[in-house]
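Visitor: I have not seen this structure before, and I would like to be led through it with some care. Could we look at it together?

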Amino acid sequence: MKLMRVGEAGSEKPALLDADGKIRDLSGHVADIGGEAITPAGLAKIAAIDPKSLPEIASGRIGACVAGTGKFICIGLNYSDHAAETGATVPPEPIIFMKATSAIVGPNDNVIIPRGSEKTDWEVELGVVIGKTAKYVTEAEALDYVAGYCVSNDVSERAFQTERSGQWTKGKSCDTFGPIGPWLVTKDEIPQPQNLGMWLTVNGQKMQNGSSKTMVYGVAFLVSYLSQFMSLHPGDVISTGTPPGVGMGLKPPRYLKAGDVVELGIEGLGTQKQAFVADR
């Protein structure tokens with residue numbers, strides 16, 4: 001299934017995309033796409049519904065594909081080729097940092113370049129949405145705790161991230177720096193999350209063209225690893241790292257400015273398109 005949320009910010013309706021590409025209203029069956037609705041039992045309930053019995057929703061704004069995210073966890077330097085382009089070495093264990101949930105926006109919403117930014121950058125990433133509470137799970141069972149996958153743009157301000165003292169979080173958490181969606185694609189549609197093509201363009205120019213197969217630490221490992229340190233709950237999102245082609249890795253580096261348009265996508269998970277605008 002392809003689950004989504006449609007409507008103005010703060011008033012989104014839960015919906016699904018049917019086989020004919022029509023958006024169907026789920027609000028008569030679930031409160032939102034998140035929490036109980038994306039647990040195994042909740043997804044089974046939605047799967048049992050005949051999509052044609054649901055009202056059709058006219059196309060409009062698409063919101064973030066999951067609601068009520070408690071944790072937005074990101075993994076750094078998780079692609080060997082991306083680590084190489086930035087001059088970093090692959091870490092012996094995953095680098096974990098948090099992106100504030102207040103950064104989450106819809107996949108096609110404008111992204112605001114924060115005041116004082118000179119190095120706002122792009123990162124297409126595979127997002128993993130948790131579907132049931134995971135604590136101390138093994139790698140072998142880890143995918144049982146995944147509801148599905150989505151496209152994530154881990155927008156980053158590199159000067160805030162790396163040139164000012166402290167941790168990476170402040171360079172990752174600016175308002176609108178977390179577009180996710182358009183859909184939460186349930187895991188049954190993505191049997192091989194480690195073999196998905198990924199791409200990103202800036203103003204129509206291809207910048208990233210990679211695959212999740214070059215991830216250092218795969219989805220199952222990451223879910224298991226994170227669950228050793230913190231409980232993962234339904235609606236939590238893990239953004240798993242980016243392939244090469246980010247702005248900071250170019251020679252010379254290239255960063256986003258107001259008026260730029262970024263488009264990105266992942267095989268089977270849909271596409272995003274964001275206009276970058278200056279903060280007022």
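The questions and answers below concern a predicted model.

Visitor: Which strands are the edge strands of the open sheet of nine strands?
Guide: Strands of a sheet pair through backbone hydrogen bonds, either parallel or antiparallel. In this predicted model the open sheet follows the order E3-E2-E1-E13-E10-E9-E16-E4-E5, and its pairing is mixed. The strands that pair on one side only are the edge strands, namely E3 (23-25) and E5 (95-98).

Visitor: Which residue of E13 stands opposite Lys-2?
Guide: Strand E1, residues 2-6, pairs with strand E13, residues 184-186, in the antiparallel sense and over two bridges. The charged end of Lys-2 sits over the ring of Trp-183, 5.6 Å from its centre, while the residue that stands opposite Lys-2 in E13 is Val-185.

Visitor: At about what angle to E9 does helix H4 run?
Guide: Helix H4, made up of residues 219-227, lies across several strands, among them E4 (72-76), E10 (146-153) and E16 (237-239). Strand E9 (124-130) is also one of those crossed, and relative to E9 the helix runs at about 55°.

Visitor: Why does the pair of Tyr-217 and Phe-221 count as stacked, tilted or edge-to-face?
Guide: A pair of aromatic rings is described by the distance of the centres and the angle of the planes. For Tyr-217 and Phe-221 the centres are 5.2 Å apart and the planes stand at 25°. Planes under 30 degrees apart are counted as stacked, and therefore the pair formed by Tyr-217 and Phe-221 is stacked.

Key. Residues numbered from 1 in each chain as written. Predicted model: local features only at pLDDT ≥ 70, side-chain atom pairs only at ≥ 80, totals over all residues. Heavy atoms only, no water. Pairing = 2+ DSSP bridges. Helix = DSSP H or I, 4+ residues; strand = E, 2+ residues; numbered from the N terminus. Contact = heavy atoms within 4.5 Å. Axes fitted to C-alpha atoms, helices over the stretch in contact; angles between N-to-C directions. Phe/Tyr/Trp six-rings, centres within 6.5 Å; stacked < 30°, edge-to-face > 60°. Lys NZ or Arg CZ within 6 Å of the ring centre and 35° of its normal.
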